[in-house]
Amino acid sequence: MSSAPTPSSAPLDPAEITARFAARARPFLRPGVRFGLYPQRRLAADERLERTLERLLLPLHPPRAARVRQWPAFLRELERYDRALRQLNEPDMERWIQALRRRLWRAHLSPENIACAFATVRELTQRTLGLRHHDQQVIAGWALLDGLLAEMVTGEGKTLTATLAACTAALAGIPVHIVTVNDYLARRDAELMAPIYRRFGLSVGVVTADVATRERRTAYAADITYCTSQQLVFDYLRDRLTLGGDVDELRLQLSALCTGERRTEQLLLRGLYFAIVDEADSIFVDEARTPLILAGAGGDNGFAEHYRPALWLAEQLQPGHDFTLDETARRIALTRNGARRLAEIGRPLGSVWADQRKREALTEQALAARHLYQRDRHYLVRNGRVEIIDEHTGRTLPDRSWEQGLQQMIEVKEGLPPSAPPQPLARISYQRFFQRYLRLAGMSGTLREVGGELRRVYGLSVVTVPRHRPSQLRTSGAHYFRRAADKWPAIVQAIQREHAAGRPVLVGTRTLVESEQLSALLNSAGVVHQILNARQDADEAAIVARAGQTAQVTIATNMAGRGTDIVLAEQVSARGGLHVILCAPNDSRRVDRQLIGRCARQGDPGSYEVFGSLEDDVIRLQLGNWPRWFTRRTVSMIPTWLGAGFVWLAQQLAEHRHRRARRALLRDDERRDERMAFSGRAE
């Protein structure tokens, strides 16, 4: 992108705006012959080598985000267009929109053309919704259109920001996917922003879990499509199965001539042109440790009758003596004594139990189901089904299941009939999928901690967008205890203190179990409250909408940590705003910041308070027992500096483990790609 010219101080009139468009014939990611039938970025062997060299030379290259020096000139240019566009009446504005669309279709997206398009979007947004993009949102929108990651402080209006880049790209003929983390946000954002897009004559589609195949195809054919990351990836995998190894247009045409079948009509997507990813760190980082597997109709794997005996055998084995347990890595391993004992009690059962490999594999899965996966923490039993709980968001994942028989083992453990194991058809990781977009961008409130990884894996640089208003966030301190039993009464007292002052309180817990335990304590203390976890996910929007009312107490898992606005009642600001309480540190400081970001939004007052104990999961799993041994002379509370030090070290170790798991998955995906490319098959 070339440097924006420095304009004179005189405002432009509409005629001069028209004259200043640069009509360059350079297409930008537009559907057509140049990018083929199903456009996506291909990472051939030479491109992988180039990317490896780029990673090695990364410290020598300044990020593209260094274009921050151009922002003042860009904003001045946009303001000149603003003054001219405010003079246009509705008929003139309609003619201007049509002219803008024709010129953007012909012209390259230069800074001047982007400034004009952004000014038009800002003006029409104010006329349509009564909202106006502030300068910080304009900066973030330009970063998105330029293929960067915009870190915007929580509450700065990412939903509205996305319309700037999405409208401009769509007017230029580029299909746009706006990707978010769950169905509620995808549907909400599409409904809120649709009037802006329709004002430009652009179509809007929404893809959520309940959308049928035909409607999905229509939604992806729209100029702008709001969708969740999970649905988008699975639809891409379905397209890959439809295409097989044929993604070349000539080969597809030859196939159609030979067989009379047009597979392209069965495709859901039009390709991977331009994606704007909301809550980018959640999708690019937190979700990237697990591959997405597209499964077909389930079948009998021959083990259904052996799940119950496997669970019985697992009860006969003693932890530490017969098997080792690694909660951090979620790994069970039989010891030599355990394998010997299992053979003694398993062989008489006959059948598969006479085979050492099958016997030990089934028993290790049963041990994992019993010791590593806990009800109301890792999964929920609802309507006769086992639903996985997303540990990052606290929401259920009803369309996902554990593989290799673990799902069925847990179902039997809970007294449910085992479901048919699904048959894997295709798989891919988020890393490999999003690398295939021709242009990729994203935004979030918490990106800087993982900026290096995002640049190495996705080639994306992070732009930190300045605040729109000064922060009024205050801290009420951090309190660390040796035992969890001492922590919870202190949390109840803190809630009572703020509740008595008439302030709304949002309490963040790590698990569903903790949220219900705290709810019981508050009931005993006579504190009226709302609870939000995976059991109440259908009422999430209504519960969050009330969380900012006077003296309202809301207990929530991480469900309330992303993408939801808590609007304060009028008198709340004068009382100090929303107070957020963290009941335990998370694996990542980013997740803690996300919850803290629920308060003090857009210059509102707000405060937060942190509670922790040496028995919290992140400290217990990462540091073991030595912090408790080190503080053995402490009766209850430990010094803040010491507790914060333990948390910092534990989070560093947890993040290192997660990064290592993501790298391993990415390497596995790359090797699979090479094998598939050699054999000519899809993922």
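With which side chain does the side chain of R432 make a polar contact? In this predicted model, the partner is the side chain of Q435, at 2.9 Å. R432 itself belongs to helix α17, which covers residues 430–434. This arginine is buried, since its relative accessible area is 2% and the cut-off for a buried residue lies at 20%.

A wider view helps to place this detail. The protein chain contains 25 helices and 21 strands. Among its 683 residues, 55% count as buried. The chain exposes about 29,500 Å², and carbon and sulfur atoms supply 51% of that area. For contacts with a separation of 6 or more, 76% come from residues 24 or more positions apart.

Strand β2, made up of residues 176–180, offers a good place to look at burial. Five of the five residues in β2 are buried, so the strand is largely enclosed by the rest of the structure. The side chains can be followed in two sets: V176, I178 and T180 point one way from β2, while H177 and V179 point the other way, and all are buried. Two strands pair with β2. Strand β4 (residues 224–228) joins β2 in the parallel sense over five bridges, and within β4 the bridge partner of H177 is T225. Strand β5 (residues 274–278) also runs parallel to β2, with four bridges between them. Here I178 has I276 of β5 as its bridge partner.

Helix α22, residues 589–596, provides a helical example of burial. Seven of its eight residues are buried, so α22 is largely enclosed by the rest of the structure. The buried residues in α22 are R590, V591, D592, R593, Q594, L595 and I596. At the start of the helix, S588 contributes a side-chain oxygen that comes to within 3.0 Å of the backbone nitrogen of R590.

Attention now turns to the aromatic residues. The structure holds 15 aromatic pairs. One of them is formed by Y373 and W402, whose rings meet edge-to-face, with 5.0 Å from centre to centre and 65° between the planes. This pair links distant parts of the chain, as its two members are 29 residues apart. Y373 lies in the loop between α15 (356–371) and β9 (379–382), whereas W402 lies in the loop between β11 (396–397) and α16 (406–413). Are these two residues buried or exposed? Y373 counts as buried because its relative accessibility is 10%, under the 20% cut-off. W402 counts as buried as well, because its relative accessibility of 16% is also under 20%.

Aromatic residues also gather in a group. Y38, Y236, F284, Y430, F433, F434, Y437 and Y458 form one aromatic cluster. Helix α17, the home of R432, spans residues 430–434, and the cluster includes Y430, F433 and F434.

Finally, some rings have a charged neighbour. The charged end of K487 sits over the ring of W488, at 4.7 Å from the ring centre. In another case, the charged end of R632 sits over the ring of W629, and the distance to the ring centre is 4.3 Å.

Conventions. Residues numbered from 1 in each chain as written. Predicted model: local features only at pLDDT ≥ 70, side-chain atom pairs only at ≥ 80, totals over all residues. Heavy atoms only, no water. Buried < 20%, exposed > 50% of the residue type's maximum accessible area, 1.4 Å probe, protein only. Polar contact = N/O pair within 3.5 Å; in protein donor to acceptor, adjacent residues only side chain to side chain. Phe/Tyr/Trp six-rings, centres within 6.5 Å; stacked < 30°, edge-to-face > 60°. Lys NZ or Arg CZ within 6 Å of the ring centre and 35° of its normal. Pairing = 2+ DSSP bridges. Contact = heavy atoms within 4.5 Å. Areas by Shrake-Rupley, 256 points an atom, 1.4 Å probe, with all protein chains shown as cover.
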